[in-house]
Amino acid sequence: MSDRFAIGDLNNDQDVDIVFVDKNEHKIFILLGNGDGYFSYQNEATFSIINDTLPTYITLADFNRDTCLDIAITNHDKDHIRVFRGNCGGYFSEESTFYTDLYSSPVFIHAADFDRDGILDIISWNSESMNLGIFLEYGDTGFKTQKSSFTGLNSKLIDIDIADFNNDTHPDVIFIYNTHMIAIMFGLGNGFLDCEHIESNSAQILDTPLETSKRMSIWSICLIVVGILIIAGVVLVTYIVTRKKEETQANTWTKITTLSTTTAITTSTKATCLPVCYNGGTCISAENCMCTSRWKGAQCEIPVCSPACLNGGTCTQPNFCDCTKDWKGAYCETDNKCYYGKDQVQLVNGEKRSIEYLKVGDRVWSISPDGSSLIEDEIVMMADSGPNTPTMFYTFKTIEGYEVSLTNRHTIPVFDPNDNQIRIVRSSQVTREHYLIMYNKKSAIENISINTRIGFYAPLTLTGYLAVNNISTSVFSDSYRLSQNSFQHAFMPVRVYYHVMRWYFGKTYNPFETNIKEGLHPVVAFYKQHSGTIRTVVLTIENVIPALLIIFILYYIQKIFIRLFYSGLDKSN
């Protein structure tokens, strides 16, 4: 089990010691055992962690094979794992940081040898990205980039543990969902888990009568609240849930098979000829396999990544790149959410200006969501920038010759002829069937290309939209799982502060001036750090306030009808 404390012999004196994390104090505490059931607290052995981290779980293991136990912890808020090397004396040094996925929020942590090289590796569950991340130790210096295995859409785990369940000498992972379902993901012995075959079974949970009564009371209250919310905001809630599922499923290539309680936990590989065709390949002759689109090679054993992995990345699973330490993103393209700096916008005064030269207060044109009108807009801040960073862009060219380049998670409004409506989608999901929104018209897409260019920029506007090369775009991405309107609501404090400061100090004043010329603006960094809290607050306000308003209106309508009813009775009498 994963815990907030761990036990082991930290100073090699044959006595059991205790180490635990305190997320409130941002410290790791060490208690050295005396061998008599008592422990010595050594203040100098206790050490602090950076104050802006939130340590959650801890494990002890000898990662560098020096016979001294090391400490590994998960930092929930900073999306990384920290490893502290032990010196066999109860003291630790040489802190190393290894990053999980962006906005992943790692919690549970364990150590096991997943690639059978005799060196212990680290596995953690990332609660926000809903996957298991394995860091393979490659010597005495550190760990390779995380290898991820998806645990299911909207999955929430209570705990994970490691054991060899199918006697193949490979460590497997067992985890329990908050729905009381237990699942096993089998290890392959090469540092990967078998995502295609997840065996599961329901866990029977027995409640006492008191617990059952409490649960029924809670459910009764929840059903009443849910009923009111359904009446008040079913359209809005359905739209948000549907969008979230569609966008999440678009990034998911793994398949989870959930079996009933009577189904045996088995896996099998069906071969019809030699050599065996793996990964769904079909044997079409004695030594020739016809592979699916995700695999290639003589036996369909080599994964395919499309587009290909960039910047030294290695394709380790279908459409999954193992990136070097300096790069990240689905294809090691740095996964920024920005514009290409050379694209141009039209200022209100008629001047054209490249995005890389935009300044706070610049009056620019935006296009209304339906394309029917031009809106005078204003640049509030440059949220992010990387003037010298190679970045992968999706470039869309209309039949009139207009072009706009966006990174893969940047969103853009498009007209979908299948649904006959305008939708806001990430650039990587745009197809040639869609139409781009321009002023007073919808323009067909002639070509979509993927290329690497130097320099990205992320200007923030008052409306949340920006006309780039006469094409309507959103200034937001879908990284935070919020809709366009929800983003606008989240950044309302920023816009209000901008207006007030410019009104008080004058139109030339920059409320968000900073010495940072490259990278995230401090305001945006704050939003990123607290994205989970902000998302919860925004969605709660958007869903609860309309429901309360409707309840308030219905209450007064009821009072009016009652008054009219009794008034009619009085007249009849």
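How many bridges join strand β11 to strand β12? Select residues 121-126 for β11 and residues 131-135 for β12: five bridges join the two strands, which run antiparallel. Bear in mind throughout that this is a predicted model.

**The four-stranded sheet**

Stay on this pair and show the side chain of W125, which stands opposite L132 in β12. Next, add the other members of the sheet. Four strands form an open sheet in the order β10-β11-β12-β13, with antiparallel pairing. Select 106-112 for β10 and 147-150 for β13; these strands stand at the edges. Each has a single partner strand, so one side of each is left without a neighbour in the sheet. Turn the view to follow the twist, which averages 20 degrees from one strand to the next. Strands of a sheet pair through backbone hydrogen bonds, either parallel or antiparallel.

**The whole chain**

Zoom out to the full protein chain. Its secondary structure comes to five helices and 35 strands. The chain has 573 residues, of which 44% count as buried. Switch on the surface: the accessible area is about 29700 Å², and 56% of that belongs to carbon and sulfur atoms. Among contacts between residues at least 6 apart in sequence, 48% join residues at least 24 apart.

**The largest nonpolar core**

Now select V345, I412 and V494. Of the 46 residues in the largest nonpolar core, these three touch the most other members. Add strand β28, residues 374-398, which gives the most to this core, with eight residues. Colour 336-478 as domain 2 and 486-540 as domain 3; both give residues to the core, so the core lies between them.

Centre on V494 and display its contacts. Setting aside residues up to four places away in sequence, V494 touches V380, M381, L460, F512, V523 and Y527. A second, separate core of 30 residues includes F108, I122, W125 and A183; the W125 in that list is the residue that stands opposite L132.

**V345 and its surroundings**

Finish at V345, in strand β25 (residues 344-346). Is V345 buried or exposed? Its relative accessible area is 2%, and buried means under 20%, so V345 is buried. Show what surrounds V345: beyond its neighbours within four places in sequence, V345 is in contact with E351, K352, R353, I355, L358, V364, L466, A467 and V468. As a last step, draw a distance between the C-alpha atoms of V345 and N470. These two residues are 125 residues apart along the chain, and the separation of their C-alpha atoms is 7.5 Å.

Terms used
Residues are numbered from 1 along each chain as its sequence is written. This is a predicted model: local features need pLDDT of at least 70, side-chain atom pairs count only at pLDDT 80 or more; totals for chains, interfaces and linings use all residues. Side-chain values use heavy atoms; hydrogens and water are left out. Buried means under 20% relative accessible area, exposed over 50%, partly exposed in between (1.4 Å probe, protein chains only). Contact means heavy atoms within 4.5 Å. Accessible areas come from the Shrake-Rupley method with a 1.4 Å probe; for residues, only the protein chains shown count as cover. A nonpolar core is a set of buried Ala, Val, Leu, Ile, Met, Phe, Trp, Tyr and Cys residues joined through side-chain atoms within 4.5 Å. Domain bounds come from an automatic or database domain assignment. Two strands pair if DSSP finds at least two bridges between them. Axes are lines fitted to C-alpha atoms, for helices over the stretch in contact, and angles run from 0 to 180 degrees between N-to-C directions.
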